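I opened this structure to look up a few local features. My notes follow in the order in which I made them.

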Amino acid sequence: MPKWTLLRCLALPPWRARLGAILLLLSACSGGQTGVGADSMMTVPPPLTADFDSIQTNIFTPICAGCHSGTNPAANLNLDAAHSYNDLVNVPSTEEPMLDRVKPGDPANSYLVIHLQKDGDGAPASDIPFVVQWITDGAPSGGSMPMRVR
């Protein structure tokens, strides 16, 4: 019968020693974090509503601003948060100059609605009623969006 000594009881089998070293290394790489924190999680935009801030957050920024932003935006229409309202509301469309991009109160004669219904360009059809309602409501600017005086 083997003699059990304190050293023998504390000795780890080789596989446990390797596992312990791996776990120690992984915990050192975590930077002291014990899990996924709120600051490292992907943020989810709030649900889409028929107001400008929501449309900017859920449609223009993630879907449209890829082509419609920067120094030379497509159709000379910048849809980043700093420019979109002033580039849309009461501004003639470059594709259909007889129509404004957004004509407040008149979605049927707003080129934005016509374009979304025809092409979409990545915006799902389920988003269009929110844009229509925002325009029907007079296309008010959002709380954080600057509005150009015309």
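Entry 1, aromatic rings. I looked for rings that pair up, and found Phe52, Phe60, Tyr85 and Trp134 linked into a cluster by ring pairs. The model I am reading is predicted. I counted 3 aromatic pairs in the structure. For phenylalanine 52 and phenylalanine 60, I noted ring centres 6.2 Å apart and planes at 55 degrees, so I entered this pair as tilted. I then checked how far each of the two is covered. Phenylalanine 52 has a relative accessible area of 1% and is buried. Phenylalanine 60 is buried too, with a value of 1%.

Entry 2, the pair with tyrosine 85. I went back to phenylalanine 52 and found that it also forms an aromatic pair with tyrosine 85, with 5.2 Å from centre to centre and 90 degrees between the planes, which is edge-to-face. I looked up where the two partners sit: phenylalanine 52 is in helix H3 and tyrosine 85 in helix H4, so this pair ties together parts that are 33 residues apart in sequence. Tyrosine 85 has a relative accessibility of 7%, and I put it down as buried because the limit for that word is under 20%.

Entry 3, the largest pocket. I read off a volume of about 270 Å³ for the largest pocket. Its lining has 17 residues, and those closest to the pocket centre are His68, Leu77, Leu79, His115 and Asp121. I asked which helices supply at least two residues of this lining. They are helix H3, which runs over 52–64, and helix H5, over 111–118. The largest share comes from H5, with 4 residues. I sorted the lining by residue type and got 11 nonpolar, 3 polar and 3 charged.

Entry 4, backbone angles. I noted beforehand that most residues other than glycine have a negative phi. Which values of phi did I write down as positive in a residue other than glycine? Asparagine 90 has a phi near 60 degrees, and alanine 139 has one near 50 degrees. I located asparagine 90 in the loop between helix H4, residues 84–88, and H5. Alanine 139 I located in the segment after helix H6, which covers 128–136.

Entry 5, cover at these two sites. Is asparagine 90 buried or partly exposed? I found 31% relative accessibility for asparagine 90, so it counts as partly exposed. Alanine 139 is buried, and its relative accessible area is 0%.

Methods:
Residues numbered from 1 in each chain as written. Predicted model: local features only at pLDDT ≥ 70, side-chain atom pairs only at ≥ 80, totals over all residues. Heavy atoms only, no water. 1 Å grid on protein atoms, 1.4 Å probe; cavity = no way out; pocket = protein on both sides within 12 Å on 5 of 7 lines; lining within 4 Å. Points joined across faces, edges and corners; volume = space filled by probe spheres on them. Nonpolar A, V, L, I, M, F, W, Y, C, P; charged D, E, K, R; others polar. Buried < 20%, exposed > 50% of the residue type's maximum accessible area, 1.4 Å probe, protein only. Phe/Tyr/Trp six-rings, centres within 6.5 Å; stacked < 30°, edge-to-face > 60°.
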